[in-house]
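The exercises below are to be worked with the sequence and the coordinates at hand. Each task is followed by a solution in steps.

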Amino acid sequence: MSLAPNSIDLLARARADLRMGVPVILSDEASASLVTAVETLNDARLADIRALGGAPVVVISARRAETLKARAYDGDLARVVLPADADQSWVQSVADPADDLEKPMKGPLMSVREGDARLHRLAMQLVKSARMLPAALVLDIEDAGTFAAKHALTRLDAEATRPHLEVNSPMHSVVSARLPVEVSEAGRLHVFRPDDGGEEHYAIEIGSPLRDKPVLSRLHSACFTGDVMGSLKCDCGPQLRAALAQMGEDGQGVLLYLNQEGRGIGLANKMRAYSLQDQGFDTVEANHRLGFEDDERDFRIGADILRRLGFSAVRLLTNNPNKIEMMRSNGIDVEERVPLKVGETPQNEAYLATKAKKSGHLL
């Protein structure tokens, strides 16, 4: 018997540590690295890391490296050498594009070309999974066990952790209860929670849809600004209400409300992207400058929840062909695409045009 945390528990702890500005340790049989999220790094912590000796590097994605004209020798990321006189604000400016236009010359930046980048790649995945800027300060260390014990740091075994970051965490049902809503008194809310302690996701069941027939369904990514605040910059709120209204008219349906705000980058990074859009960049360009891909969402979550609810086929309310492909590749038959063209405003006209042109949305 052991009360010690397992690899999934340690991953959840590591995410919390990084968000608080506390470093964590990644290690495998050959090497070990001290990892600190750039977003929560301060000058005092940076000084402590420098005092350890060695050569810290700032790990950024290839997308961010492209903006900074830094060499991404590792393909999907770049290990940028930390100059001897660099302070926290310099590190932050490498990761955060907020002042790129005001201070475009941040280099020249030197990238590490030699050596194994596996732990650096895992560090990037870890920071992204914590919904922070995709950048980490990484320092190679010796004797990970002794170092972790001395500094009371969370230590993650790389081989045990990697699968949990690359494979979607299994969902399990927490609770469901009757929830009368405006479109139907016959509503029921199901709450699902992943095993890795990540965000919960919800399924709103309208009526009593048959499990052996295609159900009218919508994969809706959470949008605080649109769904709650009525933002005019996107079409999310109108799509949510229109999808529920159509389910109410049909007398049945399932709306999956997935907590993947801002195309999967989190609300804080979404607001950073909005600030970049105010500087003239479109939504895809803004994501790239932040270091993210066009869309970081994982719609396998929706397929998993549908299966757990007993559904195997859907009539999918969507304008996004990627959702259809993801459902089909994960065992959910999409028998019909039901268009959902609502919510265009003068404020989101360019945004919708970008979704059609660069993301293939059928608008």
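**Exercise 1. List the residues that Leu82 touches, leaving out those up to four places away in sequence, and then place Leu82 in its core.**

Step 1. In this predicted model, Leu82 touches Leu46, Arg50, Pro56, Val58, Trp90, Val91 and Leu137, once residues up to four places away in sequence are set aside.

Step 2. Leu82 belongs to the largest nonpolar core, which has 29 residues, and it is among the members that touch the most others, together with Ile25, Leu34, Val58, Ile60 and Trp90.

Step 3. The elements that give two or more residues to this core are the strands β2 (32-37), β3 (57-61), β4 (77-81) and β5 (135-141), and the helices α2 (43-51), α3, α4 (88-95) and α6 (144-151).

Step 4. A second core, separate from this one, has 24 residues, including Val59, Leu77, Leu122 and Leu165.

**Exercise 2. Describe the largest pocket by its volume, by the residues closest to its centre and by the make-up of its lining.**

Step 1. The volume of the largest pocket is about 1,200 Å³, and of the 43 residues that line it, Lys128, Ser129, Arg131, Leu165 and Glu296 are the closest to its centre.

Step 2. Two or more lining residues come from each of α1 (7-20), α3 (62-68), α5 (118-129), α7 (158-166), α13 (300-308) and α14 (321-329), with the largest share, five residues, supplied by α5.

Step 3. Sorted by class, the lining holds 14 nonpolar, 13 polar and 16 charged residues.

**Exercise 3. Give the corresponding description of the second largest pocket.**

Step 1. The second largest pocket contains about 570 Å³ of space, and its lining consists of 37 residues, with Cys234, Cys236, Arg263, Tyr351 and Lys355 lying nearest the centre.

Step 2. The elements that each give this lining two or more residues are β10 (215-221), α9 (236-250), α10 (261-264), α11 (267-278), α12 (283-290) and α15 (349-359).

Step 3. By class, 12 of the lining residues are nonpolar, 15 are polar and 10 are charged.

**Exercise 4. Is Asn287 buried or exposed, and which backbone oxygen does its side chain reach?**

Step 1. Asn287 lies in helix α12, and its relative accessible area is 3%; because buried means under 20%, Asn287 counts as buried.

Step 2. The side chain of Asn287 reaches the backbone oxygen of Glu293 at 3.2 Å.

Step 3. Leaving aside neighbours within four places in sequence, Asn287 is in contact with Ile265, Ala273, Phe292, Glu293 and Asp294.

Definitions and conventions: Residues numbered from 1 in each chain as written. Predicted model: local features only at pLDDT ≥ 70, side-chain atom pairs only at ≥ 80, totals over all residues. Heavy atoms only, no water. 1 Å grid on protein atoms, 1.4 Å probe; cavity = no way out; pocket = protein on both sides within 12 Å on 5 of 7 lines; lining within 4 Å. Points joined across faces, edges and corners; volume = space filled by probe spheres on them. Helix = DSSP H or I, 4+ residues; strand = E, 2+ residues; numbered from the N terminus. Nonpolar A, V, L, I, M, F, W, Y, C, P; charged D, E, K, R; others polar. Core = buried A, V, L, I, M, F, W, Y, C linked by side-chain atoms within 4.5 Å. Buried < 20%, exposed > 50% of the residue type's maximum accessible area, 1.4 Å probe, protein only. Contact = heavy atoms within 4.5 Å. Polar contact = N/O pair within 3.5 Å; in protein donor to acceptor, adjacent residues only side chain to side chain.
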